[in-house]
Structures are given as C-alpha cells and as structure tokens.
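Good morning. I will go through one structure, starting with how its chains meet and then moving to how some helices pack.

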Amino acid sequence: MLFAQVVKTFWNEASGSSTLYIKIVVTIIVGFAMIFGLLQLPPRGRRAVVVGATFLAGLFYVMLYLWPKPLPGIDASGAPLDHGVPRDFVESVGFWLKDALPVIADFSNILSTFLLGLGVYSIIRIHSRKLVRKQADWGFSVVLKVSILAKVIVGYVNYYQTHYTQGSSQLELPKNWGTLQYANDLLFNGLLQQMDAAMFSVIAFYILSAAYRAFRIRSVEATILLATALIVIFSLMGIVQYEWDSHIKQLPGATTGGIFSNFTLTEIYNWIRENVQTPAIRGIDFGVGIGALAMGLRLWLSLERGGASA
Amino acid sequence: MNNMSSWHGTQYQDTGWFGIVITMLLVFFILINIARAGKNKNLFIRRIAGLNAIDEAIGRATEMGRPVLMVPGLGDLNAISVQALNIFAYVSKTAARFGNPIRLCCGNAAVYTVAQEIIRDAYQSEGMGDRFDPDSVRFLSDRQFAFAASVSGLILREQAAAAFFLGEFFAESLIFAETANSVGAIQIASSTQSTQTPFFIAACDYVLIGDEFYAASAYLTRKPVLVGSLVGQDWCKMAGIAMVLFGSMIITPQLGVFSPNKISQTHSQTIEVPTTTGVVAKAPGEDLGAFEVHVGDTVNSFDIKDGKVVPSTVTLAEVGQKADMIAPRNAIPPDTEIQRLFQPQKDKTIKVTREDDPKPKKEDIVPGTDPDEVKK
C-alpha cells in the first residue's frame with residue numbers, strides 16, 4: 001500500500017464519489033452499532049472497552065513520537081521532495097501514521113462539536129428555568145437568550161449570503177454591504193470585540209489592587225518582593241533608569257568594567273531576570289512537565305480514573 | 001540522504017535521540033515506582049498547605065451558608081483539566097457531606113460533560129446522589145473574556161465563600177482572584193501557566209505552585225498508584241538536578257570559575273542558520289550587539305558576544321526559506337553600521353564579520369558570502 005507519498009489514501013475519497021458515500025454510510029452504521037453494543041454491555045465489560053480504546057488512542061500518539069519519521073526524499077537535482085515512496089516496512093508505517101494524524105484530529109474535532117451542543121443546551125436550560133420561575137436577575141437571562149438568537153440568525157444568514165449567493169464575493173467590500181452585513185459587523189466587531197477589550201482592560205485595575213496587597217510590608221518575603229518589584233519597575237521607567245545610570249557611570253571605573261559598573265539599573269534588572277526569575281520559572285516548568293507526563297501515563301494506562309479515585 | 005537507514009527517522013537525527021532516551025528514562029522511573037508503591041505503604045509526602053486548607057475553606061462556606069465555587073480553567077480536556085476535576089471531585093465529596101451547594105464553571109464543552117459525570121459520581125459515592133443538582137456544573141462560554149465576565153458575575157451574585165481556581169488560566173486569572181477576594185472568599189488556586197502563578201500568589205490565600213498541583217490526588221487520597229507516581233516524579237527531578245550539576249561541572253573548568261575565559265578567540269565565524277540571506281556588519285564598539293533575520297512571520301534573533309554569534313532564537317525558520325528582512329535590534333549601538341545585505345548564491349549560512357577583526361581564513365568563507373567578492 002502507498003500512503004503519504006500519494007494524495008489519495010485509505011482515509012479519503014474523491015468528493016461526490018459513490019465510494020465516499022458508501023464509507024460514510026458504513027461509518028454511521030458502525031458508529032450506531034458501537035453505541036448500541038456499549039449500552040448492552042455490563043459495566044465491567046464497558047470499562048474494558050473504555051480502557052482498550054484509551055490505550056489504543058494513546059498508543060497512536062506514542063507511536064507517532066517514537067516511530068522513525070520518514071526522511072525526506074530528494075530528486076535527481078538534489079532538491080528535497082515533499083512526497084516519497086516508502087523503501088521498507090519502517091517507512092511504510094511512518095507514512096501511515098502521518099496520514100492518519102489529521103483523521104485522528106478530526107475525530108476529536110467532531111467529538112468537541114457534539115459536546116459544544118451539550119454545553120449550549122446547558123446554558124439554554126439554566127436560563128430558561130430562571131426565566132420561567134422568574135428567579136432573581138431573570139432580566140439578564142432575557143438579554144442572553146436574545147443575544148444568542150440574534151447572533152445565530154444574523155451569523156448564519158450572513159454566512160449564506162457571503163458564500164452561496166450570486167455576487168457573494170462583492171459582499172467582501174464594505175461599500176457593497178447590505179443591512180444584514182452591517183448588523184453582523186455591529187454584533188461582532190461593534191459589541192462582542194469591544195466588550196472583550198473592556199474586560200481585558202479591567203485587568204489593569206486588578207493588577208494595581210493585587211499589587212497593593214501583595215507588596216505591603218508584612219513579612220521578610222513581602223519586603224523582598226517589594227524591593228525586587230521596585231527595581232524592575234524603575235529599570236523600565238526610562239527617565240529614572242537614565243538618571244540613575246548616569247550617576248553610576250560617573251563613579252570611578254564604572255565605564256571600564258569596574259565594580260560600580262554592576263550597579264546600573266539595567267545591570268541589576270538583567271541580573272534579577274537571568275539569575276533569579278528565569279531559573280525559578282524553568283524549575284517550576286520542569287516540575288509541571290514531569291507531573292503532566294506522570295498524569296498522562298496514568299490516564300493512558302488507566303491507572304487513574306477520574307472522580308471516584310479522588 | 002536516501003542512503004541512510006530508514007531507522008534514522010528525522011526525530012532521531014543529530015541530538016534528537018537524546019530527548020527520546022531521557023523521556024523513556026523518566027517514564028521508566030514513574031512506572032517502576034508505581035509498581036513499587038504497592039509493596040511499600042509508608043511513603044512520605046510533605047505537607048502541602050493549599051491542600052490542607054480545602055476542608056477549612058469548605059467548612060467556612062458551610063458556616064456562612066454560601067456556595068463553593070470551582071473553576072477548572074479555560075484549557076481543553078487534557079491531563080491538566082482531568083487533574084483539576086479530580087481535586088474538584090474531592091471538594092465536591094466534602095461539600096456533599098456538609099450539604100453545601102457547589103458551582104463548577106467550565107469554559108470548555110468537553111470539560112463540562114466530563115465534569116458533570118465526575119461530580120455526579122462523587123455525590124453518588126457519598127450516598128447522596130439525590131442531592132446532586134445538574135445545574136451546579138455549568139458551561140458558561142468558551143470565549144476567554146465572556147467566561148471571565150460570567151464567572152465574576154456568578155461570584156458576585158452568589159457571594160461564593162470559597163473559590164478553587166485550579167487548571168489552565170491565562171489573562172483572566174486576576175479577574176477571578178480579585179473578584180473572589182472582593183466578596184471575602186477563601187481562595188485556593190493553581191495555574192500550570194508559570195506566567196499566571198505570580199498573579200495568584202499576589203491575590204489568593206493559598207497557591208499550589210508547579211507540580212504541587214499534580215501531587216494533589218496522591219496527597220488527598222494516599223492511593224498507592226498515585227503515591228508511587230509521585231515518588232517517580234521525585235526521581236525524575238533528582239535525575240534532572242544530577243544532569244544540571246554534571247553539566248555545570250563539565251563546563252565550569254572550560255569557562256574558568258572567577259575569570260571567565262573567552263569562549264572563542266575567533267572574531268569571524270560562519271554559522272548555519274536556515275536562511276539564504278547574509279549580512280556584513282561593522283561595529284566600532286566593544287560588541288556588535290545583535291541582529292534579527294525575518295523569514296515570514298518568524299524572527300530569528302542573534303546576539304554577538306566576544307565576536308561569537310550566539311543564536312538566541314526560539315523558532316528557526318524552515319530550511320530553504322528566504323529571509324525577508326534583516327534588521328538591527330535596539331541592542332545594537334547607535335554607531336553600528338550595517339554595510340550591506342546580499343544574497344549568497346546557494347547556501348544556508350549567515351556570514352558575520354567585524355571590520356576590526358582579523359581576515360577570515362580563505363577555507364572558512366562560504367562561496368558567495370565573501371565581502372570582498374561582493375564588493376567587486
């Protein structure tokens with residue numbers, strides 16, 4: 001079998017071909033059969049299926065990481081080729097893994113889409129109940145539902161008009177926009193994006209209030225934190241940094257690598273960044289990485305089950 | 001290249017195999033300790049203040065008759081979210097015992113569906129399945145700041161008494177923490193994003209830093225598999241520390257302890273970088289400074305120290321791409337002059353020469369990059 005080296009693979013078919021439809025129908029039938037089979041299984045059997053599926057899914061990515069990735073071929077002139085023909089079993093498997101990757105990614109995309117539907121259903125259910133029972137702040141639920149409905153309707157109709165109607169390409173230019181395009185622009189760029197920006201800008205005030213509490217001198221640690229923060233803040237304030245550094249540079253030997261050259265704000269800031277901040281972050285990241293590896297292993301091998309295990 | 005064995009996959013070339021060997025070693029450490037943990041029940045785990053405070057926070061919420069809020073962050077359904085949900089399952093069990101209401105807010109639909117099941121399981125395992133309110137686990141929005149606004153609104157409306165922020169958090173972390181602080185909630189937080197940890201430390205009562213987040217399951221349940229895995233993680237960290245020490249011992253004599261030797265006496269050097277554009281620069285100052293090579297959206301940065309080119313780039317462009325622009329960075333002294341840009345005929349190298357440097361040897365010059373040739 002030839003895989004990544006040719007455009008056509010087991011995982012795809014020509015658009016509109018009968019084989020494509022046959023594969024779609026077979027996939028749907030197999031999918032429903034699997035769901036039905038899982039429902040019929042006793043809990044222990046169901047667990048075995050889940051463990052097996054988890055292991056196989058994880059094994060794919062482990063193989064993708066460990067199995068030798070095919071070396072790029074070269075043509076007669078020595079230029080690299082995007083596609084090559086596998087020379088042996090090892091490269092055949094490598095090509096197969098490469099081909100299967102987008103398909104596996106599609107699986108998770110399709111699953112996510114279904115789950116998003118469940119999420120939206122959750123929002124609608126909670127706010128419908130709030131509306132029907134006239135609970136506190138039910139007015140916000142009305143706003144939410146009207147917003148969702150308006151954006152869905154305007155968004156879909158706009159998508160249809162800009163993609164499937166005659167002269168749809170003209171609608172890309174604002175001068176050709178109709179009411180619907182303006183409405184869509186107002187809802188997305190005029191409202192949603194602006195509200196996002198407003199929430200983001202609120203962080204500036206929160207940083208100030210959090211910094212005020214954190215930097216109050218209550219302990220040795222807080223004092224060190226305050227001193228370090230002040231140095232970093234001053235080193236980033238151009239006028240302060242310039243004034244300080246100018247004075248330091250007038251000291252003997254400060255410009256010729258003497259001891260005083262280490263006391264410019266720029267030098268101190270760089271020292272803090274390179275010798276305190278970066279090593280600390282790397283240490284934390286290393287621990288987090290190993291923790292994620294251990295967690296991933298436990299999940300892959302089904303050594304840990306969520307919920308009841310905790 | 002076609003003559004090479006196919007077992008030399010691209011990821012095993014150069015030093016790539018070393019990363020794979022280290023990964024396998026770490027995996028071995030973890031698995032061997034999981035196997036060992038079944039036999040040795042007395043493995044020690046140090047005290048983690050943030051996890052000890054869970055019961056205290058829920059107890060306080062019960063006394064005040066206000067809900068416990070849990071947020072697993074914005075991440076997809078991955079190891080981080082699952083770990084956060086494991087801790088939330090423990091929190092939910094404790095809350096169920098006290099009959100305390102909970103609110104679990106999700107920013108990802110996949111996490112929401114899994115959270116529903118895990119929290120329902122937690123209630124059922126406590127024999128209180130009938131007390132589980134499906135609306136207590138909510139999907140709010142998968143848009144970052146819409147999610148931040150929803151959670152903040154929920155904290156303010158319901159006056160949460162305890163807030164748990166565990167998982168992947170980004171810019172919204174401080175919005176959550178400060179809002180919860182404003183209603184007087186006890187906050188226990190942890191982010192696997194090291195950039196957000198300082199915000200949590202500044203604003204929250206307890207913070208799980210780094211891998212303490214992953215140690216939580218083992219700490220709370222003391223299950224042999226989890227404790228063994230934790231010991232394995234410690235072995236991995238010790239291996240990491242040993243490698244750092246070994247590397248330091250190797251490199252220190254070369255650099256000199258108190259008076260660092262010059263790494264290289266060569267003032268002119270050819271380095272292999274994936275671009276087809278070269279630059280010749282003149283620097284009257286002590287150091288040339290630094291420059292950047294732009295290839296599409298990728299910017300490769302290079303520092304020049306002691307006449308040696310040090311790539312400080314994060315991402316290198318693909319081999320064969322052409323550089324769109326070479327620009328001096330601010331670090332270059334103002335009197336540095338970029339003499340000219342030129343296209344070498346067929347190479348993947350950048351040639352950097354200082355005017356006051358000794359002339360490079362003829363054999364070191366890559367065809368097409370000799371400044372003299374270009375002048376002609």
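**Chain contact and helix packing**

In this predicted model, 56 residues of chain A are in contact with 66 residues of chain B. Which elements of chain A give two or more residues to the side that touches chain B? They are helix H3 (89-132), helix H5 (179-214) and helix H8 (265-300) of chain A. H8(A) gives the most, with 16 residues. By class, that side of chain A has 34 nonpolar, twelve polar and ten charged residues.

Now to packing. Two packed helices are described by the angle between their axes and the distance between the axes.

Stay with chain A for the moment. H3(A) packs against helix H4 of chain A, residues 138-164, at an angle of about 135 degrees, and their axes are 9 Å apart. Because of that angle, H3(A) is oblique to H4(A). The crossing of H3(A) and H4(A) is left-handed. On the H3(A) side, the residues are A:His127, A:Lys130 and A:Leu131, and they meet A:Trp138, A:Ser141, A:Val142, A:Leu144 and A:Lys145 of H4(A). This contact has four nonpolar, two polar and two charged residues.

Next, chain B. Helix H8 (residues 212-221) and helix H9 (residues 224-255) of chain B pack at about 135 degrees, with axes 8 Å apart. H8(B) is therefore oblique to H9(B). Their crossing is left-handed. H8(B) brings B:Ala215, B:Ser217, B:Ala218 and B:Thr221 to the contact, and H9(B) brings B:Leu226, B:Val227, B:Ser229 and B:Leu230. How many of the residues in this contact are charged? There are none: the contact of H8(B) with H9(B) has five nonpolar, three polar and no charged residues.

Technical notes. Residues numbered from 1 in each chain as written. Chains lettered and ligands numbered in written order. Predicted model: local features only at pLDDT ≥ 70, side-chain atom pairs only at ≥ 80, totals over all residues. Axes fitted to C-alpha atoms, helices over the stretch in contact; angles between N-to-C directions. Helix = DSSP H or I, 4+ residues; strand = E, 2+ residues; numbered from the N terminus. Parallel < 35°, antiparallel > 145°, perpendicular 65-115°, else oblique. Left-handed = near helix turned anticlockwise from the far one by under 90°. Contact = placed C-beta atoms within 7 Å. Nonpolar A, V, L, I, M, F, W, Y, C, P; charged D, E, K, R; others polar.
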